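This report describes a single protein chain, moving from strand pairing to the core, the aromatic groups and the cysteines. The sequence and the structure are shown first.

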Amino acid sequence: MDERGYERRGELTDGHTDEGTAAEGTDGRTDQGAAGRTDEDAAGRTDRRTGEGTAGRTDRGTAGRTGKVRRREAGPEPAFGRRAFVAAGAGAVLAEGPAPGLASAPAAYADGGDGSDGRPAGGERTYTVRGNLPPGAPDYVYVPLQVPPGVRELAVSYTYERPPVPAGTPGNALDIGLFDQRGTGAEGFRGWSGGARSEFSVRAEAATPGYLPGPVRPGTWQVVLAPYTVAPGGLAYTLTVTLRFGPPGRTPEPVHPPGRARGRGRAWYRGDCHLHTVHSDGRRTPAEVAAAARAAGLDFINSSEHNTTSAHAAWEGLWGDDLLILTGEEVTTRTGHAVAIGTDPGAFADWRYRARDGRFGRVARGIHRAGGLVVPAHPHAGCPGCAWKHGYAEADAVEVWNGPWTAEDELALGDWDARLTGSGRWLPAMGGSDAHREPDHVGLPQTVVLADELSRAAILAGLRAGRSYVSESAALSVELTATGGRGAVAGPGERLRVAPDTPVTVRLAVTGAAPGCTARLVTDQGVLRTAALPGPTPPPGAGAGTGAAAATTGPGSGRSAAATTGPGTATGAAIGTGARTAAAVVEWTTTAGYAAYVRAEVRHPATLPGLPGAMAAFTNPVFLGRERPDGGARGSALL
């Protein structure tokens, strides 16, 4: 045992085998099989997030909207690993080396060697390393591997015990990654698979998804183990390491997506910035994700694998004039996840810390230097380590809507709205599908952004400014504008600069809403206008229809059946000119003195008493009134 009480012992197998022959470890396993599982793992595994079985668990986004259930099964959401931020090729390291919560544990070999004895070309050598992590183990534990000269491929597989635990007690869950001879800083990072895979390999020509191809140079490599949860009796693990000898291959030059697509000029572009493939814990290939994005009517997507950038070079041939592909990462720490959107290809961010360590700000600034946005994801998620605790000082936006709408999203929306005071800095809201596998829908939800062109720079500028709304699908579109003064017009993320007593007309046009949906106009005082939207779009030639306007509370006068709240009027009507252009329009007149901002929601019918219906779409706010003389950030207060 080392000084921390973590037991480790290394056992060398009896010799090496010829190339292509499975080398059997001391526990009777081959280097290609871990407990009979494949690289992709098998459905029906226990919940790797908690160690508990999946019986009785529901799929994420269901359970009557009481909360998202994030499964840790065949494709778990890897929990942790992190690396200092680095721009590939630029050598820009922001943080490196062990941080609080990390520990090193040297492995001992049964023969007393370090693996440096010569091996003939074409052979391989396999050995095992066993250890035990007690409850309360550090978040990250390093196991050193001695790699001798002449190795062309390094392969690692691992298993760990999953003993039964009392009801309500987390079981064992262990994540894994790899650093090479350059150390445990950013420059030495070679990959991360979390708990999604039981084995991986790296060589110059290729690597298992989640890992980076490159030479296998001699020296001390490190397997990083991340005990996500540990059972009361501890977590016993076994690593099987295979060194395959032979001449090194040639590492291909990565091909990354271009920064611009043809697009439609200045227009509203639809995108999904939170997606996963087989390069982390997803089950779809990049080609399948790209096809799903096109089928969902998306114009752009963001590659956001957990704690790895291996997918950045996996999109060759999948982009096009109709689809812009951004590169990023889901920075998955022990106290919250953040999506990095649109970073330089090959750039990634360190994740080995908790909020108490105070390191996220440094990593976020590195993401900004790489040209990306920092967006805390699913901030109220209920799974261990998923809720956001790093604060919002360095954030550019926040993912309010994650996957199918649930109570977690309702909490995130309320928290976000509570920060919209109309003064000081504000954070735009976004949505992302967080799609991992079937039946997760790519593009549910999708963020629709007004951009000058379909390019990385223009899309990120629109997202950063909040010129956007979030919709459940490409079938649903909304347009929110505020008009006042001498014909000045402002939309989401913008400010209508008028005097406090100047009348302001707020107009919401909704196209493609499902039957029974309701429109709501929300201000800093809360919901001040509601209107029932008409049903399906009328067929061609049906002409204009009438939208029923729901009554609201408060004083005012109306030009329709609707009552209004506050000093203003409201109308509700469905205006149709054909099946593809019909829209339901809701109007409301207010002033900047009465409403510091206005944002819109489209809701499905309520299913639970006292709670609003599930979200169909919502916008970022339009701010009303002049800014203070001292300026301030987005959303400054009125004079």
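Two strands are said to pair if DSSP finds at least two bridges between them. The model discussed here is predicted. In it, Leu-480 stands opposite Leu-508 in strand S24. The strands concerned are S21 (residues 477-484) and S24 (residues 503-511), which pair in the antiparallel sense over eight bridges. S24 also pairs with strand S28 (residues 583-591), again in the antiparallel sense and over eight bridges. Within that second pairing, Pro-503 has Thr-591 of S28 as its bridge partner.

**Overall architecture**

The protein chain contains four helices and 31 strands. Of its 639 residues, 57% are buried. Among contacts between residues at least 6 apart in sequence, 73% join residues at least 24 apart.

**The nonpolar core**

In soluble globular proteins, nonpolar side chains tend to be buried together. The largest nonpolar core in this model comprises 41 residues, and those with the most contacts inside it are Phe-360, Ile-367, Val-400, Trp-416 and Phe-618. Elements that each supply at least two residues of this core include helix H2 (360-369), helix H3 (407-418), strand S17 (398-402) and strand S30 (615-619). H2 provides the largest share of the core, four residues. Which residues does Phe-360 contact, leaving aside its neighbours within four places in sequence? They are Ala-338, Tyr-353, Val-374, Trp-388 and His-390.

**Aromatic groups and charges over rings**

There are 14 aromatic pairs in the model. Ring pairs link Tyr-142, Phe-179, Phe-189, Trp-192, Phe-348 and Trp-351 into a cluster. Two arginines are placed over aromatic rings, as tabulated here.

| Arginine | Ring | Distance from ring centre |
|---|---|---|
| Arg-334 | Tyr-140 | 5.3 Å |
| Arg-352 | Trp-351 | 5.9 Å |

Trp-351 thus appears both in the ring cluster and beneath the charge of Arg-352.

**Gly-191 in strand S7**

Gly-191 is found in strand S7. Is this glycine buried or exposed? Gly-191 counts as buried because its relative accessibility is 1%, and the cut-off for buried is under 20%. Not counting residues up to four places away in sequence, Gly-191 touches Gly-177, Leu-178, Gly-210 and Tyr-211. Gly-191 and Tyr-211 are 20 residues apart in sequence, yet their C-alpha atoms are 3.8 Å apart in space. Strand S7 (189-194) also supplies at least two residues of the largest nonpolar core.

**Cysteines**

A disulfide is a covalent bond between the sulfur atoms of two cysteines. The structure holds one such link, which joins Cys-383 to Cys-386 with an S to S distance of 1.9 Å. The link of Cys-383 and Cys-386 is left-handed, with -115 degrees about the S-S bond. Both Cys-383 and Cys-386 are buried.

Two further cysteines can be assigned by accessibility. Cys-273 has 5% relative accessibility and therefore counts as buried. Cys-517 has a relative accessible area of 1%, so this residue is buried as well.

Terms used
Residues are numbered from 1 along each chain as its sequence is written. This is a predicted model: local features need pLDDT of at least 70, side-chain atom pairs count only at pLDDT 80 or more; totals for chains, interfaces and linings use all residues. Side-chain values use heavy atoms; hydrogens and water are left out. A disulfide is a pair of cysteine sulfur atoms within 2.5 Å. Buried means under 20% relative accessible area, exposed over 50%, partly exposed in between (1.4 Å probe, protein chains only). A nonpolar core is a set of buried Ala, Val, Leu, Ile, Met, Phe, Trp, Tyr and Cys residues joined through side-chain atoms within 4.5 Å. Contact means heavy atoms within 4.5 Å. Rings of Phe, Tyr and Trp (its six-membered ring) pair if their centres lie within 6.5 Å; planes under 30 degrees apart count as stacked, over 60 as edge-to-face and the rest as tilted. A charge sits over a ring if NZ of Lys or CZ of Arg is within 6 Å of the ring centre and within 35 degrees of the ring normal.
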